[in-house]
Amino acid sequence: MLRTATPRHYLMVRPTYFDVEYSINPWMDPGKPTSTELAIAQWGWLHDLYADLGHRVELLDPRPGLPDMVFAANGATVLDGRVLVARFRYTQRTAEAAAYLDWFAARGGYAEVRQAQWVNEGEGDYLVAGGRLLAGTGFRTNPRAHDESAAYFGVPVTGLTLVDPRYYHLDTALAVLDADEVMYYPPAFAPESLEVLRSLYPDAITASDEDAAAFGLNAVSDGRHVVLPQAATGLIAQLRERDFEPIGADVSELLKAGGSVKCCTLELRHA
Ligand code: ARG
């Protein structure tokens with residue numbers, strides 16, 4: 001029996017100015033050619049898919065000079081109608097935060113909108129899992145940001161330390177499938193964090209080296225459909241075995257910037 005989907009509300013940014021102009025993660029090679037046109041087409045497919053699945057998608061206008069803006073997941077964390085706008089680690093992306101502050105202020109309807117004091121890259125490192133926030137650190141998000149988020153959202157925060165530079169954001173190494181189900185790539189985590197994951201999720205799906213490198217963990221689940229890069233064939237089979245409905249996406253162009261499906265998708269969670 002297939003699982004039940006719940007309708008979601010997402011915020012996305014069209015990759016109008018997408019390019020790889022600098023390198024802030026090991027996937028980015030500014031010397032390699034990129035096609036903005038292809039990035040727009042692949043992103044458009046994902047955008048339309050969400051709409052077809054019955055989700056509500058809103059758009060934030062891209063700004064010139066910010067080639068990584070398509071990665072909307074990094075702009076904020078939104079939980080129970082409370083918005084915590086990111087504070088980016090690298091200067092190349094710091095100006096993105098203002099666009100999110102402006103968008104949420106103009107949009108209205110949120111209980112509180114604030115920019116974080118400590119460096120954190122939104123849902124890149126914060127994943128909502130049931131009533132808990134799984135919080136990455138090691139490459140981008142400052143561990144002190146975890147306490148700030150726990151106080152702001154009033155939820156328990158479980159810190160997880162990343163150790164492999166290729167998996168620099170938590171959402172490149174772990175995906176939340178349902179309130180109490182996740183899939184992850186064990187070698188991306190420090191030994192003590194792996195212990196935490198094993199005790200919280202003893203039956204979790206784990207990813208092979210190949211599936212992790214295909215960005216298979218950069219996935220978006222609505223409880224039934226799991227959208228992930230199509231090359232992650234092992235994960236696709238494992239998801240099917242557990243009665244999810246995996247949907248493979250071709251986001252090859254965005255991979256050149258070290259991002260994929262989840263990175264393009266910020267979930268807006270209302271109270
Ligand atoms: N080039 C971007 C960066 O390094 C990619 C961000 C990917 N986003 C994500 N949620 N993992 O910041």
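The dialogue below walks through a predicted model, feature by feature.

Me: Start with the overall build. How many helices and strands does the protein have?
Reply: The secondary structure comes to eight helices and 15 strands. The C-alpha atoms fill a box of roughly 45 × 40 × 35 Å along the principal axes.

Me: What radius of gyration would a compact globule of 271 residues have, and what does the protein have?
Reply: The globule would have a value near 18 Å. The protein has 17 Å, which agrees. Buried residues make up 45% of the 271 residues. Look at the contacts too. Of those with a separation of 6 or more, 65% are between residues 24 or more positions apart.

Me: Now helices. Which face of a helix is which?
Reply: General idea: an α-helix has 3.6 residues a turn, so residues three or four places apart point the same way. Take helix 1, residues 36-52. Its 17 residues should span 24 Å at 1.5 Å a residue, and its end C-alpha atoms are 24 Å apart, which agrees.

Me: Which residues of helix 1 are buried?
Reply: Ala 39, Gln 42, Trp 43, Leu 46 and Tyr 50. Seen down the axis of helix 1, they fall within an arc of 95 degrees, so they line one face. The face turned away carries the exposed residues Glu 37, Gly 44, Trp 45, Asp 48, Ala 51 and Asp 52.

Me: What covers the buried residues of helix 1?
Reply: The cover includes strand 1 (9-12), strand 2 (56-59), strand 14 (245-249) and helix 8 (252-255). Just after helix 1, Gly 54 takes a positive phi of about 95 degrees.

Me: Try helix 3. Which of its residues are buried?
Reply: Glu 96, Tyr 100, Trp 103 and Phe 104. They fall within an arc of 90 degrees seen down the axis of helix 3, so they line one face of the helix. Ala 98, Ala 105 and Ala 106 are exposed on the face turned away.

Me: What do the buried residues of helix 3 pack against?
Reply: Strand 3 (76-79), strand 4 (82-85), helix 2 (91-94) and strand 5 (112-115). Helix 3 itself covers residues 96-107 and reaches 17 Å from first C-alpha to last, close to the 16 Å expected. Gly 108 follows, with a positive phi near 70 degrees.

Me: How do I read a positive phi?
Reply: Most residues other than glycine have a negative phi. Asp 80 is not a glycine, yet its phi is positive, about 50 degrees. Asp 80 sits in the loop between strand 3 and strand 4. Asp 243 is not a glycine either, and its phi is positive at about 70 degrees. Its loop runs between helix 7 (233-241) and strand 14.

Me: Why does Asp 243 count as exposed?
Reply: Asp 243 counts as exposed because it has 10 C-beta neighbours inside 10 Å. Asp 80 has 14 other C-beta atoms within 10 Å, so it is partly exposed.

Me: Can a loop residue be read the same way? Where does Ala 214 lie?
Reply: Ala 214 lies in the loop between helix 6 (209-213) and strand 12 (220-221). It counts as buried because it has 21 C-beta neighbours inside 10 Å. Leaving out residues up to four places away in sequence, Ala 214 touches Pro 229, Ala 231 and Ala 232. The C-alpha atoms of Ala 214 and Ala 231 are 6.0 Å apart, with their positions 17 residues apart along the chain.

Me: Last, the ligand. How many residues surround it?
Reply: There are 16. The closest are Phe 71, Gly 124, His 169, Gly 259 and Cys 263. The shell divides into six nonpolar, seven polar and three charged residues.

Terms used
Residues are numbered from 1 along each chain as its sequence is written. This is a predicted model: local features need pLDDT of at least 70, side-chain atom pairs count only at pLDDT 80 or more; totals for chains, interfaces and linings use all residues. A residue is near a molecule or strand if its C-beta atom, placed from the backbone, lies within 6 Å of it. Ala, Val, Leu, Ile, Met, Phe, Trp, Tyr, Cys and Pro count as nonpolar, Asp, Glu, Lys and Arg as charged, and the others, Gly among them, as polar. Helices (H or I, at least four residues) and strands (E, at least two) are DSSP runs, numbered from the N terminus. The expected span of a helix is 1.5 Å times one less than its number of residues. A residue is buried if 20 or more other C-beta atoms lie within 10 Å of its own, exposed if 12 or fewer, and partly exposed in between; C-beta atoms are placed from the backbone. The arc is that of the directions from the helix axis to the C-beta atoms. Two residues are in contact if their C-beta atoms, placed from the backbone, lie within 7 Å. The radius of gyration is taken over C-alpha atoms; the globule rule is 2.2 Å times the number of residues to the power 0.38.
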